[in-house]
Every structure is written in C-alpha cells, then in structure tokens.
Amino acid sequence: MKKLFLTIGWIAWTTLCFGQLFSSVKCTPKNDILGYPVIRLGSNDLLHVSFDELSSDAARSLEYRFVLCNANWTTASLRPIQYISGMNRTPIDDIRFSINTRADYTHYQFSFPDERTRFLVSGNYKCEIYDVNDPETTLLTIHFFVTEDAVAINGKVIPPKRVEFRRSRQQLEFDITSRLDIIQPYQNLTVLVQQNGRTDNVRRVQPKHAIGRTFKFADSEDLVFDGGNEFRNFDTKFLNFNGHGVENISILDQQYFVLLNSAESRATKVYADNGDINGRFVIRADRRPNPEIEAEYTGVFFTLFTNYQGDNVSVHVFGELTNWAFGEISEMDYNFERNCYTKLLFLKQGFYDYQFVLQDNTSLTADITRFEGNHYETKNNYTIYVYYRGNSDHHDRLIGTTLVRAHE
C-alpha cells in the first residue's frame, strides 16, 4: 500500500479555481444538501454556499458579488442597480478553522439573499468571490438560478420512439403552459434541458407545436439522452475501518490515504440499481459533530483496469467531486505496467458519487457509456429551464424551471 502511493507522488488539491486552491464547493438550497441551486424571485428561499481553502495560513478577507447573465452565461447588459436591491458587495463573515485535522483548512460559508440584498429580476446569476485586497480578481465563481413562477411545466421520461434505442436511451417529453403572453415564441423562448448536474450535454430544444399558451416538446432527437448507468460511489465517513467502496485506508507522512476498490468497465454488465445520488457528494464524518471543520481531507486513489484508450482521448473521474468538468484535476494517468488508469484526488470525508468518462480530445465530446454502460432503467434527473426575452427585455428572464425524474 505505501509503495503504491509513494510511486504516484503528491498532487494538488481537488478544485483549482482561477489559480487559487479551493475544495468541497457546495451551493444548495438552505436545509437541502442535495437540492439544485434554484430560488424563486420574491420568495423567502435561501441558497447556502460553503467551501474550504486548503491552507494553514490566516483566513483571507473575502467578499462576494452577483452578476446577472443570459441563458448562455454571457454577462447581461443590465447594470447591478437594475437587478440587485441593496449593496452588491457582501463580506463573508462565517469563517472557521479546521479542528484536530491532519490537513489544515479554512472553512467559509454564507447564505443569500440576506436582509441587505434582494434580487429584482429572474435569470442566471454568478456569485463571484474575491479578496477585498484585489476585487478585480475573481477567486471562485458559483452559478445559480433565480426563477419566476410564470409557467407550468409537466414532463416525463418515456422509452425512445426509435426501437434501437429502447434499452439504452431515455426520451423526454413535456408541455409548457405560460401565464404570460409569449410574443414570437420560436424566437423569444429559450428552453434548455440538463441531465443530472452535467454541464457538458445541456440541450437547447424547440417546441414541436403551440396551442394558445401551451407549447409541446416531443419527438425530437434533442430530447433523447444516453441513459448511462447509476453512479459508482464510496463512503469515507469512517477512517478506522473500510467503508462502502473502500479497499484500504493507511497513513503516510501523517496523512490519510484511501484506496478505493479496483474498478473495471461495466459496459457489458446488466443494469443494477445501487442507490446513487446522481453524481453529487455529501460531507460527513463519523463521531464528529461539526464535519464542516472536523472532517479530514484524505488522498483518494481511483483505479480503472482497462486497455489503453489511445493518444487522442483521455479518461476522467467525473461528477460533482471534479466540478462536472474535464481538465487536469479530473484526468487520469495510464499505468502501462499495471494496465490501468489511476487518479489521486484530495477529498473531504463524506459520501461521493463518480463515474469514469472518456473524452475525445479533439471534439471535446464526452462518452459516459464507454466504461459505465448504457441503460434505459437508469434513474437520471432532468432539469428543464425556460427563458424568455420579450422584444423590450434586455436579458433572458428565467420564467420557470422544474425537475423531471426518470423511473421515479
């Protein structure tokens, strides 16, 4: 065990954001750790943000601001005074240092909107976190949504119309009924569909037809998604014995290391429901009442035994644990002596979902089926976002959103 970890060396921390090192970044509804970052305009809804800076240095003075964006995440043309009531510059006051942990870190958290801030319009928003001594440099960006209740969305997942896709893919169909007078819906409506929390396969779809204020979305190839498979997962809540998905735990140079069970391709295996959380993670630590500051960071070692896939593709550990992104943090290395891909991530104790994904390095497209298989039965989540920009609007209003679950 020690020899294995010594040969792969030490790596950087898990999430690299604009040149700074942060980890365990979460943005969820208050009191709903697995919820999506959506709040309703004019409501009392709150979002809770938390993250760690992995350093033994003194805590920095951080603030956050909000930036309104369009449906494609470009910055909207409105000025802050037009979409935020109150000061758009708020200090992060809830700062705590880790207690009795082998790796030192600083935990930051805050909730919004607060009594000093109110959103005036719906849409996509960025929460930008920066050091007060260098406000022009954004250290961390968190995306969230403010929605209106201007439409009713009714959707479901059905077997694909094409027979050859019946056992491997899922097809979405839904109706949108608007409470607004939608002018030129085929030009002014933008409807996006997202599978689980992924950002790499968001689809823009057009209505099949419209009847009055109701728009039907069906029978479109853009609404057919790979079913994929349930996520693999592991539990590092316990460090005194091996939790789910863990083969061995050791201490090297005063640091915990977790070796996960060796993995292989599931592409040819039958479907099995393993009770995943659709790619998310939850921080938790056994017998530690405040895991936010008492949970350990551990080196987590992933191994995927498979043939080398070639020079034009890369293999990645994929999920919220790698910020649903493909890059240096998520990319695995191939060990030709052992015939396997490996990756070491530094993760806080908790329960984690993940998958192994193949990316084409030329087209940058991702294949979730190569190692995970493809099943219609997979219990995926689909989020539908409905945007509208009227002829006099200056940004894309988010007039409704809903979550559709497959095989609920």
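Colleague: Let's start with empty space: how many cavities of 30 Å³ or more does a search of the whole structure find?

Modeller: The idea comes first. On a 1 Å grid over the protein atoms alone, a cavity is a set of points where a 1.4 Å probe fits but cannot get out, and lining residues have an atom within 4 Å of a point. Grid points are joined across faces, edges and corners, and the volume is the space filled by probe spheres set on the points. Searching the whole structure this way turns up 2 cavities of 30 Å³ or more. Bear in mind that this is a predicted model, where local features need pLDDT of at least 70 and side-chain atom pairs count only at pLDDT 80 or more, while totals for chains, interfaces and linings use all residues. Residues are numbered from 1 along each chain as its sequence is written, and side-chain values use heavy atoms, with hydrogens and water left out.

Colleague: Which residues line the largest cavity?

Modeller: The lining is made of Q195, N196, R198, G227, G228, N229, F231, Q355, I368 and N380, around a space of about 50 Å³. To sort a lining by class, count Ala, Val, Leu, Ile, Met, Phe, Trp, Tyr, Cys and Pro as nonpolar, Asp, Glu, Lys and Arg as charged, and the others, Gly among them, as polar. Here that gives 2 nonpolar, 7 polar and 1 charged residues.

Colleague: Q195 also sits in strand β15, residues 189-195. How many of the residues of β15 are buried?

Modeller: Two terms first. Strands (E, at least two residues) and helices (H or I, at least four) are DSSP runs, numbered from the N terminus. Buried means under 20% relative accessible area, exposed over 50%, and partly exposed in between, with a 1.4 Å probe and protein chains only. In β15, 7 of its 7 residues are buried.

Colleague: And which way do the residues of β15 point?

Modeller: In a regular strand, side chains alternate between the two faces of the sheet. In β15, L189, V191, V193 and Q195 point one way, T190, L192 and Q194 the other way, and all are buried.

Colleague: What does β15 pair with, and in which sense?

Modeller: Two strands pair if DSSP finds at least two bridges between them. β15 runs antiparallel to β31 (residues 381-388), with 7 bridges, and L192 has Y385 as its bridge partner there. β15 is also antiparallel to β16 (residues 203-205), over 3 bridges, where V193 is matched with R203.

Colleague: In which order do the strands of the open sheet with 5 strands run?

Modeller: The order is β3-β12-β11-β5-β7, with mixed pairing. β3 (38-40) and β7 (90-91) are the edges: each has a single partner strand, so one side of each has no neighbour in the sheet. β3 pairs with β12 in the parallel sense, over 3 bridges, and I39 is bridged to V146 of β12.

Colleague: Which residues have the most contacts inside the largest nonpolar core?

Modeller: A nonpolar core is a set of buried Ala, Val, Leu, Ile, Met, Phe, Trp, Tyr and Cys residues joined through side-chain atoms within 4.5 Å. The largest has 28 residues, and F51 and I129 have the most contacts inside it. β2 (20-29), β4 (47-53), β5 (62-69), β9 (106-112), β11 (123-131) and β12 (134-147) each give two or more residues to this core, with β12 giving the most, 5 residues. Contact means heavy atoms within 4.5 Å; leaving out residues up to four places away in sequence, F51 touches residues including F22, L62, Y108, I129 and L140. A second, separate core has 25 residues, Y256, L260, Y354 and F371 among them.

Colleague: Is E128 of β11 buried or exposed?

Modeller: E128 counts as buried, because its relative accessibility is 15%. Beyond residues up to four places away in sequence, E128 touches E63, Y64, R65, V67, T138, L140 and T141.

Colleague: Where does the backbone do something worth a look?

Modeller: F112 and P113 are joined by a cis peptide bond, with omega about -5°; P113 lies in the loop between β9 and β10 (117-119). R287, not a glycine, has a positive phi of about 60°, and at 76% relative accessibility R287 counts as exposed. W324 also has a positive phi, near 55°, but at 8% relative accessibility W324 counts as buried.

How values were computed. On a 1 Å grid over the protein atoms alone, a cavity is a set of points where a 1.4 Å probe fits but cannot get out, and a pocket is an open set with protein on both sides within 12 Å along at least five of seven lines; lining residues have an atom within 4 Å of a point.
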